[in-house]
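Load the model in a viewer and keep the selection panel at hand. The stops below can be taken in order.

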Amino acid sequence: MIIVGGSSSRDLAKELAAILQCTYVQAATTRFPDGECYTRIDHKELDDDVVIVQNTYPDGNMIEMFLLQDAVRRLGAKTITLVIPYFGYARQDRVFKPGEPESARVVAEHLDMVCDRVITVDIHKEDVLKYFKCPGEDLKAAGAIAEYFMDKNIDLVLSPDIGAIGRAKSVAEKMGLKSDHLTKVRLSGSEVKISPANMDCAGKNILIVDDMISTGGTIIAAVHALREAGASGVSVACTHGVFVDNAVERLTGSSLDTLLCCNTLENELSHISVAPIIADALKR
Ligand code: R5P
């Protein structure tokens, strides 16, 4: 097996190759002066099963993925597996208003043109994998998050809304703890109102778990509500640290104690590695 690291996921791809003890090949990606993507894999051939590790977010990374798919096919890859740690456009998985595209399907169908298998991590909607004709699997980061926080004296695991309760429950079960959820009402694109939790949070060290943090609005409101409810500590972990609009600065300026994310998007807070779970899936 050969692991090809695209520019969005180099560290993760290297870690994967180290775990699997297979060849790591780094794509050399640059941008032309007009912003278009140029990439090259400096090898004569890739005559093996090839795994490309690359996000489809932001848009430029998706184009790089398309180019890498073509490059590895031309170099003779026997099979092509796409590891997409953060699958961009998964949130627009259906037409919400007439005239909209089904964005997730569009992305999936284009990726599907040159791949034999696809692996995602905590994709926003698992149904998106049905748009691929090839086999697809969504891996869960809950185990990696639970392991990281196992010795951090957490009392309770919460999701910021009822939709994410499954993830919080899964993390809590792995840590031998209870889980619950907060009630979230979205006021605008960047503003949400979180109702005080039903459970007794006073004096508790709480871990909030979400699939992604984008503007940070959800988490800032959740941390505020939990502090009001008397929580003694609030840690936050998410799978995908998207962090737009200075979210990290605003989050670290709030009253949370710890903020971490997985390395599906590589940034200064991505200290929880999903490489072991991806490696297990690739071995399968
Ligand atoms: C919502 O369904 C997601 O699970 C996240 O809670 C949401 O995308 C976070 O967005 P933001 O950080 O902008 O509040």
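Which polar backbone atom, of which residue, is 2.8 Å from an oxygen atom of the ligand? Select the ligand to find out, bearing in mind that this is a predicted model. The backbone atom belongs to S214.

**Stop 1: around the ligand**

Show the residues around the ligand. There are 13 of them, and those that come nearest are D210, D211, S214, T215 and T218. Besides the backbone contact from S214, look for two contacts from side chains. An N or O atom in the side chain of D211 is 2.5 Å from an oxygen atom of the ligand. A polar side-chain atom of T218 likewise lies 2.5 Å from a ligand oxygen atom.

**Stop 2: H240**

From D211, go to H240, since D211 is one of the residues that H240 touches. Leaving aside residues up to four places away in sequence, the contacts of H240 are P85, Y86, V121, D122, D211, M212, I213, T264 and L265. H240 lies in strand β14, residues 233-241. Is H240 buried or exposed? Its relative accessible area is 1%, and the cut-off for buried is under 20%, so H240 counts as buried.

Now display the backbone of D122. Its oxygen lies 3.0 Å from a polar atom of the H240 side chain. D122 itself sits in the loop between β7 and β8 (136-139). At 4% relative accessibility, D122 also counts as buried. Check its backbone angles too: phi is positive, about 40°, although D122 is not a glycine.

Stay with β14 and add strand β15, residues 258-261. The two strands run parallel and are joined by 4 bridges. To locate the pairing, select S235, whose bridge partner in β15 is T258. With helix α7 (residues 247-252) shown as well, β14, α7 and β15 make a right-handed β-α-β unit.

**Stop 3: β5, β6 and β7**

Select strand β6, residues 79-84. Of its 6 residues, 5 are buried. Strand β5 (residues 49-53) runs parallel to β6, with 5 bridges joining them. V53 has V83 as its bridge partner in β6. Follow the chain from β5 to β6: the path goes through helix α2 (residues 59-74), and the β-α-β crossover is right-handed.

Which strand lies in the parallel sense to β6 over 4 bridges? That strand is β7, residues 117-121. V83 serves again as a marker here, as its bridge partner in β7 is I119. Between β6 and β7 the chain passes through helix α3 (residues 103-111), in another β-α-β crossover that is right-handed.

On the way from β6 to α3, stop in the loop at Y89. Its phi is positive, near 80°, in a residue other than glycine. Y89 counts as partly exposed, at 35% relative accessibility.

**Stop 4: helix α2**

Start just before the helix, in the loop between β5 and α2, where P58 is placed. The peptide bond that joins Y57 and P58 is cis, with omega about -15°.

Next, set a distance between the end C-alpha atoms of α2. They are 23 Å apart, which agrees with the 22 Å that 16 residues should span at 1.5 Å a residue. Colour the buried residues of α2: N61, M62, E64, M65, L68, Q69, A71 and V72. An α-helix has 3.6 residues a turn, so residues three or four places apart point the same way. The buried residues of α2 pack against β1 (2-5), β3 (28-31), β4 (37-40), β5, β6 and α3. After the helix comes G76, with a positive phi near 90°.

**Stop 5: T39**

Move to strand β4 and select T39. T39 counts as buried, at 14% relative accessibility. A polar contact of 2.8 Å joins its side chain to that of T29, and the T39 side chain also reaches the backbone oxygen of A28 at 3.5 Å. L68, listed among the buried residues of α2, is one of the residues T39 touches.

**Stop 6: K204**

Finish in the loop between β12 (192-195) and β13 (205-213), at K204. Its relative accessible area is 27%, and K204 is partly exposed. Among the residues that K204 touches are D155, L156 and G233. K204 and G233 are 29 residues apart along the chain, yet their C-alpha atoms are separated by 6.5 Å.

Conventions. Residues numbered from 1 in each chain as written. Predicted model: local features only at pLDDT ≥ 70, side-chain atom pairs only at ≥ 80, totals over all residues. Heavy atoms only, no water. Buried < 20%, exposed > 50% of the residue type's maximum accessible area, 1.4 Å probe, protein only. Pairing = 2+ DSSP bridges. Right-handed = clockwise from strand over helix to strand, strands pointing away. Expected span 1.5 Å × (residues − 1). Contact = heavy atoms within 4.5 Å. Near = heavy atom within 4 Å. Polar contact = N/O pair within 3.5 Å; in protein donor to acceptor, adjacent residues only side chain to side chain.
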